[in-house]
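Please examine the sequence and the three-dimensional structure below. The paragraphs that follow lead through selected parts of the fold.

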Amino acid sequence: METRFFNPKIEKLSPSELRVLQFKKLKTVLRRVYQKVPFYREKLKEAGINLSKIKTLSDLKELPFTTKEDLFVDYPFGLLAEPLEKVVRLHTSSGTTGKPKAIFFSKKDIWAQAELIARALVMTGSTSQDILQNSMTYGLFTGALVMHYGAELLGMLVIPAGPGNTERQIELMRTFGTTCVHMTPSYALYVATVIQGKGLKPGVDIKLKRAYLGAEPYSEETRRKIEEMLKVDVYNCYGLSEMGGPGVAFECQFKKGLHLWEDAFIAEIIDPKTGMPVKPGEVGELVLTTLNRTAMPLIRYRTRDLTYAFEEPCPCGRTHIKIARIIGRADDMFIVRGVNIFPQQIEAVLMGIKGVAQNYQIILEGLDEMIVKVEIDRDFFDGRIERLLKLRDEITEKLKAVIQVRPKVELVEPGTLPVSEGKAKRVIDRRTL
Amino acid sequence: MKIKQLSVFLENKKGRLYEVLNTLAQANINIRALSIADTSDFGILRMIVNNPEEAKRVLDEAGFTAKITNVIGVAVKDRPGGLAEILKILYEKDINVEYVYAFVEKSGEEALVVIRTNNLDKTIDLLKEAGVKLLDSKTLENL
């Protein structure tokens with residue numbers, strides 16, 4: 001695939017120019033929130049920040065974070081940096097309890113976010129000749145509308161299908177020759193299964209080329225499965241309502257990490273416990289500062305999403321930083337012997353080992369001891385004890401290599417641990433420190 | 001001349017062994033020989049039973065992890081050195097014995113022993129050659 005750009009100048013800006021641009025924008029944003037958002041003015045004053053002392057990008061880390069809870073302090077309009085008459089759209093994002101987060105867009109915000117989407121679509125090979133069937137939920141959720149505007153900005157024909165009614169989805173694909181879909185990975189799997197069940201041939205009856213999948217975490221394995229079933233390229237996209245929805249970061253044709261648009265956001269990766277930056281390449285919580293948004297700028301917003309940054313430059317020529325697919329939530333992190341560990345790291349190791357079933361459990365007890373209970377695969381058991389001991393050692397060594405701590409691995413019978421679906425309790429902390 | 005052995009993976013949990021044995025008892029399965037190999041956190045229960053297929057079926061149904069594997073059963077003269085004689089035959093031919101355990105019952109004046117080696121076919125040939133009496137599934141059913 002040839003490499004094309006929607007905004008080549010910005011997408012290929014040299015790293016030093018990118019930093020200069022970011023700093024210039026940051027100064028503007030800080031000045032604006034200080035002047036126009038009482039919440040931020042108070043927060044900055046409280047932290048003893050003098051804006052004239054912000055001289056370089058790295059001074060950013062002196063500023064206080066914005067958390068999800070902060071969004072509810074002066075709810076719902078308190079974080080607006082524009083008068084309400086300049087605000088043209090509201091999106092909300094469901095919180096786990098109580099009121100939804102309210103996110104406001106000005107006209108400028110809508111088209112700025114649309115440009116990020118248009119860049120992403122071009123980055124994956126789409127052109128104005130493509131037909132996008134947008135099967136995300138239209139409404140308060142940012143997913144569908146933001147993608148819709150971005151695709152229109154590029155000039156694609158957009159079919160605002162919305163989710164569900166799979167029969168109609170497939171009919172639309174066949175009738176109008178849909179080339180790209182935007183949906184959740186779980187729905188994509190479902191649609192693929194129905195297409196197969198109908199005996200339709202992807203590539204012949206259904207001419208999809210690309211699937212943009214997001215809004216839910218999914219594994220590399222799921223990606224390959226969907227790619228194979230639908231004969232498409234699957235691209236991972238990342239976004240969150242607080243940052244304007246989808247398009248914050250997107251995979252390019254190389255599918256190795258997601259480019260995060262650094263002219264629109266400053267990305268930091270921090271240790272969720274200490275708030276300090278992690279070492280380059282280490283897993284931490286993504287923290288984002290908006291650089292373009294006018295209605296509702298956010299400074300150092302704690303996304304609670306865990307990722308790490310790639311360091312090597314991307315062969316596609318884009319200079320913007322790449323982050324890994326989201327590997328989990330910061331709230332799941334725990335510390336053993338001073339090392340930050342995420343259940344997802346353990347899960348990834350276990351998934352790659354033959355003989356292990358799906359479920360596992362982490363138990364912390366005593367003086368910082370970590371026990372990992374792993375269900376064995378029923379078919380792996382052949383009556384030999386050596387085979388099990390070897391499996392136990394393999395799991396121990398592979399975990400040690402990834403998390404830097406040697407756990408005690410216990411093999412347990414399949415079906416005895418809580419199932420992995422939903423919010424199974426993965427970590428049980430019985431430490432009495 | 002191989003006989004079928006039932007192996008069950010057991011995590012180190014209170015009452016788990018009882019649950020296996022109780023499940024077998026409910027299904028009217030008779031245990032002829034039994035041994036447990038254990039580590040600090042799991043073990044393997046090995047058994048010779050009167051109906052291994054049925055035993056595996058009921059254990060699978062009850063959610064246990066069971067597997068049928070082949071072992072050799074031999075009748076050993078019930079006197080000092082009886083088993084040693086047999087092991088010597090194998091040792092001299094470089095056959096590794098993985099484990100050995102005895103049946104609960106005797107057959108006349110002979111003790112019955114389960115042997116698992118790294119090469120069952122060769123073991124059978126060697127023991128036959130040496131005139132050792134091997135057990136087959138028929139004999140076991142009539143115990």
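**A guided reading of chain A**

In chain A, A:Asp305 stands opposite A:Arg329, a residue of strand S15. The model in which this pair is seen is a predicted one. The pair belongs to the junction of S15(A) with strand S12 (residues 301-307), where the two strands run antiparallel and are joined by two bridges. Both strands are part of an open, four-stranded sheet with antiparallel pairing, whose order in chain A is S10-S11-S12-S15. At its edges lie strand S10 (265-270) and strand S15 (328-329) of chain A, each of which pairs on one side only.

The setting of this sheet is a chain with ten helices and 21 strands. The C-alpha trace of chain A spans about 70 × 60 × 45 Å along its principal axes. Its radius of gyration is 23 Å; because a compact globule of 433 residues would have a value near 22 Å, the two agree. Of the 433 residues in chain A, 42% are buried. Among contacts between residues at least 6 apart in sequence, 65% join residues at least 24 apart.

A second region to follow is built around strand S7. In chain A, S7 comprises residues 233-240, and eight of its eight residues are buried. A:Asp233, A:Tyr235, A:Cys237 and A:Gly239 point one way from the strand, while A:Val234, A:Asn236, A:Tyr238 and A:Leu240 point the other way, and all are buried. Strand S6 (residues 210-213) of chain A pairs with S7(A) in the parallel sense, over four bridges. Within this pairing, A:Asn236 in S7(A) is the bridge partner of A:Leu213. Between S6(A) and S7(A) the chain passes through helix H8 (residues 220-230) of chain A, forming a right-handed β-α-β crossover.

S7(A) also pairs with strand S8 (residues 245-251) of chain A, here antiparallel and through three bridges. A:Phe250 in S8(A) is the bridge partner of A:Cys237. S7(A) and S8(A) form a hairpin with four residues between the strands, in which A:Gly244 takes a positive phi near 95 degrees.

A:Leu213 also leads to another strand, since it is among the contacts of A:Met183, together with A:Ser135, A:Met136, A:Pro163 and A:Ala188, when neighbours within four places in sequence are left aside. A:Met183 lies in strand S5 (residues 180-183) of chain A. Is A:Met183 buried or exposed? It counts as buried because it has 26 C-beta neighbours inside 10 Å, and the cut-off for a buried residue is 20 or more. A:Met183 and A:Thr137 are 46 residues apart in sequence, and their C-alpha atoms are 8.8 Å apart in space.

Helix H9 (residues 343-351) of chain A has A:Ile346, A:Val349 and A:Leu350 as its buried residues. Seen down the axis of H9(A), the buried residues fall within an arc of 95 degrees, so they line one face of the helix. An α-helix has 3.6 residues a turn, so residues three or four places apart point the same way. Among the elements covering the buried residues of H9(A) are strand S18 (356-365), strand S19 (369-376) and helix H10 (385-403) of chain A.

The last region is the contact between the two chains, which takes 15 residues from chain A and twelve residues from chain B. On the side of chain A that touches chain B, H10 and strand S20 (408-412) of chain A are the elements that give two or more residues. By class, this side has eight nonpolar, three polar and four charged residues.

How values were computed:
Residues are numbered from 1 along each chain as its sequence is written. Chains are lettered from A and ligands numbered from 1 in the order in which they are written. This is a predicted model: local features need pLDDT of at least 70, side-chain atom pairs count only at pLDDT 80 or more; totals for chains, interfaces and linings use all residues. The radius of gyration is taken over C-alpha atoms; the globule rule is 2.2 Å times the number of residues to the power 0.38. A residue is buried if 20 or more other C-beta atoms lie within 10 Å of its own, exposed if 12 or fewer, and partly exposed in between; C-beta atoms are placed from the backbone. Two residues are in contact if their C-beta atoms, placed from the backbone, lie within 7 Å. Two strands pair if DSSP finds at least two bridges between them. A crossover is right-handed if, with the strands pointing away from the viewer, the path from the first strand over the helix to the second runs clockwise. The arc is that of the directions from the helix axis to the C-beta atoms. Ala, Val, Leu, Ile, Met, Phe, Trp, Tyr, Cys and Pro count as nonpolar, Asp, Glu, Lys and Arg as charged, and the others, Gly among them, as polar.
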